[in-house]
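Here's a quick briefing to read next to the model on your screen. Let's start with the charged side chains and go on from there.

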Amino acid sequence: VQRFCKANAGLFRNCEISIHNPAGTPFSYRINPTLFDIFLMNILTNAVKYNASDVPRVDIRFLPEKKRLKVQFEDNGIGIEKSEVKKIFRKFYRPGPANDLTARGTGLGLYMVEQIAKIHKGEVSAQSEGTGKGSVIILTLPFRLQPAG
């Protein structure tokens with residue numbers, strides 16, 4: 001994630017992207033780097049594209065649990081209507097009225113995010129308190145913490 005953010009800093013120069021690792025230790029997980037870059041690009045560009053703040057912000061948190069690792073992407077964007085949260089990962093889905101042609105994008109970005117999570121034996125979900133409240137995308141990967149030493 002750090003490598004991706006550094007390599008693509010020019011795309012996100014007007015944004016604040018912070019990586020938080022409360023455990024203070026790096027996590028090793030076998031990924032397909034190209035697919036994971038696509039995953040990150042979709043998550044971060046959505047956080048910027050659907051944001052009315054002067055400074056779009058994304059906090060990325062690594063939260064280890066006993067048998068899984070959660071990676072949370074929390075933004076200060078426009079949020080997601082509660083009725084839309086479960087729909088946003090559908091293929092070609094774009095929130096809002098069907099006749100609203102101002103919606104940006106193809107409706108494939110978050111669908112690809114979900115497929116990439118599945119390829120990595122994980123799952124992805126979303127949370128939002130509603131419009132104007134930002135959103136959180138959560139990647140959950142199966143994981144075993146290795147004992148120190």
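This is a predicted model, and the salt bridge count in it comes to six. Side chains of opposite charge can pair when their charged atoms come close. Three of the pairs are walked through below, followed by the overall fold, the aromatics, two buried loop residues and the cysteines.

**Salt bridges**

- Glutamate 65 pairs with arginine 68, and their closest N and O atoms sit 2.6 Å apart. Both ends keep some access to the outside: glutamate 65 is partly exposed at 29% relative accessible area, and arginine 68 is partly exposed at 36%.
- That pair doesn't stand alone, as salt bridges with shared partners link Glu65, Arg68 and Lys70 into one network.
- Glutamate 74 forms a salt bridge with arginine 61, with 3.4 Å between the closest N and O atoms. Glutamate 74 belongs to strand E3 (residues 68-75) and arginine 61 to strand E2 (residues 57-64), so this bridge ties together parts that are 13 residues apart in sequence.
- How accessible are those two? Glutamate 74 is partly exposed at 34%, and arginine 61 is also in the partly exposed class, at 26%.
- Aspartate 59 and arginine 57 make another salt bridge, again with the closest N and O atoms 3.4 Å apart. Here the aspartate 59 end is buried, with a relative accessible area of 12%, while arginine 57 is partly exposed at 35%.

**Overall fold**

- The chain has three helices and five strands. Reading from the N terminus, the order of elements is α-β-α-β-β-α-β-β.
- Of the 149 residues in the chain, 36% are buried.
- If you take contacts between residues at least 6 apart in sequence, 64% of them join residues at least 24 apart.
- The chain exposes about 9,500 Å² of surface, and carbon and sulfur atoms supply 52% of that.

**Aromatics**

- Searching the whole structure turns up three aromatic pairs. One of them is phenylalanine 36 with phenylalanine 39, a stacked pair at 5.4 Å centre to centre with 10 degrees between the planes.
- Where do phenylalanine 36 and phenylalanine 39 lie? Both are in helix H2 (residues 33-49), three residues apart, which is about one turn of the helix.
- Both rings belong to buried residues: phenylalanine 36 has a relative accessibility of 11%, and phenylalanine 39 is down at 1%.
- Phe73 joins Phe36 and Phe39 to make one aromatic cluster.

**Asparagine 51**

- Look for asparagine 51 in the loop between H2 and E2. Despite its loop position, asparagine 51 is buried, at 14% relative accessible area.
- The side chain of asparagine 51 reaches back to the backbone oxygen of alanine 47, at 3.2 Å.
- Which residues does asparagine 51 touch, once neighbours within four places in sequence are set aside? Its contacts are Pro56, Arg57, Asn76, Gly77 and Ile78. Arg57 is one to remember from above, as the salt bridge partner of aspartate 59.
- Asparagine 51 and glycine 134 are 83 residues apart in sequence, yet their C-alpha atoms are 8.3 Å apart in space.

**Serine 135**

- Serine 135 sits in the loop between strand E4 (123-127) and strand E5 (136-142).
- Is serine 135 buried or exposed? Its relative accessibility is 9%, and under 20% counts as buried, so serine 135 is buried.
- Leaving out neighbours within four places in sequence, serine 135 contacts Phe73, Glu74, Asp75, Gly79, Ile80, Gln127 and Ser128. Two names there should look familiar: Phe73 from the aromatic cluster, and Glu74 from the salt bridge with arginine 61.

**Cysteines**

- How many disulfides does a search of the whole structure find? The answer is zero.
- Cysteine 5 is buried, with 16% relative accessible area, and cysteine 15 is buried too, at 17%.

Notes
Residues are numbered from 1 along each chain as its sequence is written. This is a predicted model: local features need pLDDT of at least 70, side-chain atom pairs count only at pLDDT 80 or more; totals for chains, interfaces and linings use all residues. Side-chain values use heavy atoms; hydrogens and water are left out. A disulfide is a pair of cysteine sulfur atoms within 2.5 Å. Buried means under 20% relative accessible area, exposed over 50%, partly exposed in between (1.4 Å probe, protein chains only). A salt bridge is a side-chain nitrogen of Lys or Arg within 4 Å of a carboxyl oxygen of Asp or Glu. Helices (H or I, at least four residues) and strands (E, at least two) are DSSP runs, numbered from the N terminus. Contact means heavy atoms within 4.5 Å. Accessible areas come from the Shrake-Rupley method with a 1.4 Å probe; for residues, only the protein chains shown count as cover. Rings of Phe, Tyr and Trp (its six-membered ring) pair if their centres lie within 6.5 Å; planes under 30 degrees apart count as stacked, over 60 as edge-to-face and the rest as tilted. A polar contact is a pair of N or O atoms within 3.5 Å; within protein, one must be able to donate a hydrogen and the other to accept it, and residues adjacent in sequence count only if both atoms are side-chain atoms.
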